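These exercises invite a reader new to this structure to work through it one step at a time. Each one sets a task and then gives a worked solution.

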Amino acid sequence: MTDALEIQELLVGELDDWIEALPTYQAQLIRSMLNDGDPAEVAMLWLSTSGPSNTAPFGAVKSVGSRFYENLLIQMKKLICDDEGYEDERGQLIKSMNAGKLFLVGAISAALAPHVGAAAAVIAPAVALTLAVLSATGKATACETLTQMIADRQGLPPDQAPPQLDA
């Protein structure tokens, strides 16, 4: 079994299971945000949010959040699906298959954080929501779903999505 298939074995669970892997204050905010959007939209909005609530964001914040989420998806695809890169991190995830969703969200967030230029705690909700989307699609299609999510962010059909963009 390849590493990618073993990683995909970890991708099971319901949306609430992944949200419960977050700290309570983040889980409460995410549940509230899910009243108005699907998990992928909420993940992008989470990364777009800056500063206190009830204030207008700067004009570029939303587009920066969309690009940020796109880069996060690209790095997540590299971690889960690609044969090269993230070998050590993938090995740690496979060794910890029974550690639970809290560990998985934390480990993936920590692995991706330096590549997207953000703290693991900041990206953890977006990682958890993306893992929930991947769980809903089934193990065999997780990599195709990540490709489609990246293409959606780029406004391209999946067969035209660039395979890699640097963060």
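Two residues are said to be in contact when they have heavy atoms within 4.5 Å of each other. The model studied here is a predicted one.

**Exercise 1. The chain as a whole**

Task: Describe which elements the protein chain contains, and state how much of the chain is buried.

Solution: Begin with the elements, of which the protein chain has nine helices and zero strands, so that the order from the N terminus on reads α-α-α-α-α-α-α-α-α. Turn next to burial, where a residue counts as buried at under 20% relative accessible area; buried residues make up 46% of the 167 residues in the chain. The surface comes next: the chain exposes about 8600 Å², and carbon and sulfur atoms supply 55% of that area. Finally, among contacts with a separation of 6 or more, residues 24 or more positions apart account for 63%.

**Exercise 2. The nonpolar core**

Task: Find which residues touch the most other members of the largest nonpolar core, and which element gives the most to this core.

Solution: The largest nonpolar core has 50 residues, and those touching the most other members are Tyr69, Ile123 and Leu131. The elements that give two or more residues to this core are α2 (15–19), α3 (24–33), α4 (39–48), α5, α6, α7, α8 (120–137) and α9 (142–154), and the most comes from α8, with 10 residues. In soluble globular proteins, nonpolar side chains tend to be buried together. To look at one member in detail, take Ile123, which, not counting residues up to four places away in sequence, touches Leu47, Phe68, Leu72, Ser109, Leu112, Ala113, Val116 and Ala118.

**Exercise 3. Helix α7**

Task: Work out why the distance between the end C-alpha atoms of helix α7 agrees with the span that its 16 residues should have.

Solution: The expected span of a helix is 1.5 Å times one less than its number of residues. For the 16 residues of α7 (residues 101–116) this gives 22 Å, and because the end C-alpha atoms are 21 Å apart, the two values agree. As a further step, follow the course of the helix, where a kink of about 25 degrees lies at Ala110, shortly before the proline Pro114. The buried residues of α7 are Leu104, Val105, Ile108, Ser109, Ala111, Leu112, Ala113 and Val116. Just after α7 comes Gly117, which takes a positive phi of about 75 degrees.

**Exercise 4. The disulfide**

Task: Locate the disulfide found in the whole structure, and decide whether Cys81 and Cys143 are buried or exposed.

Solution: A search of the whole structure finds one disulfide, and this bond joins Cys81 to Cys143, with an S to S distance of 2.0 Å. The pair links distant parts of the chain, since Cys81 is in helix α5 and Cys143 is in helix α9, 62 residues apart. The link of Cys81 and Cys143 is left-handed, with -105 degrees about the S-S bond. For burial, recall the limit of under 20%: Cys81 has 13% relative accessibility and therefore counts as buried, and Cys143, at 15%, is buried too. Lys77 is also found in helix α5 (residues 61–81) and counts as buried because its relative accessibility is 15%. Leaving aside neighbours within four places in sequence, Lys77 is in contact with Asp82, Cys143, Leu146, Thr147 and Ile150.

**Exercise 5. Two loop residues**

Task: Place Met97 and Tyr86 along the chain, and decide whether each is buried or partly exposed.

Solution: Met97 lies in the loop between α6 (87–95) and α7, and at 34% relative accessibility this residue counts as partly exposed. Leaving aside neighbours within four places in sequence, Met97 is in contact with Glu6, Glu9 and Leu10. Met97 and Leu10 are 87 residues apart in sequence, yet their C-alpha atoms are 6.5 Å apart in space. Tyr86, by contrast, is found in the loop between α5 and α6 and is buried, with a relative accessible area of 8%. Most residues other than glycine have a negative phi. Tyr86 has a positive phi of about 60 degrees although it is not a glycine.

Conventions: Residues numbered from 1 in each chain as written. Predicted model: local features only at pLDDT ≥ 70, side-chain atom pairs only at ≥ 80, totals over all residues. Heavy atoms only, no water. Helix = DSSP H or I, 4+ residues; strand = E, 2+ residues; numbered from the N terminus. Bend = angle between axes of the 7 residues up to and from the residue. Buried < 20%, exposed > 50% of the residue type's maximum accessible area, 1.4 Å probe, protein only. Areas by Shrake-Rupley, 256 points an atom, 1.4 Å probe, with all protein chains shown as cover. Core = buried A, V, L, I, M, F, W, Y, C linked by side-chain atoms within 4.5 Å. Disulfide = S-S within 2.5 Å.
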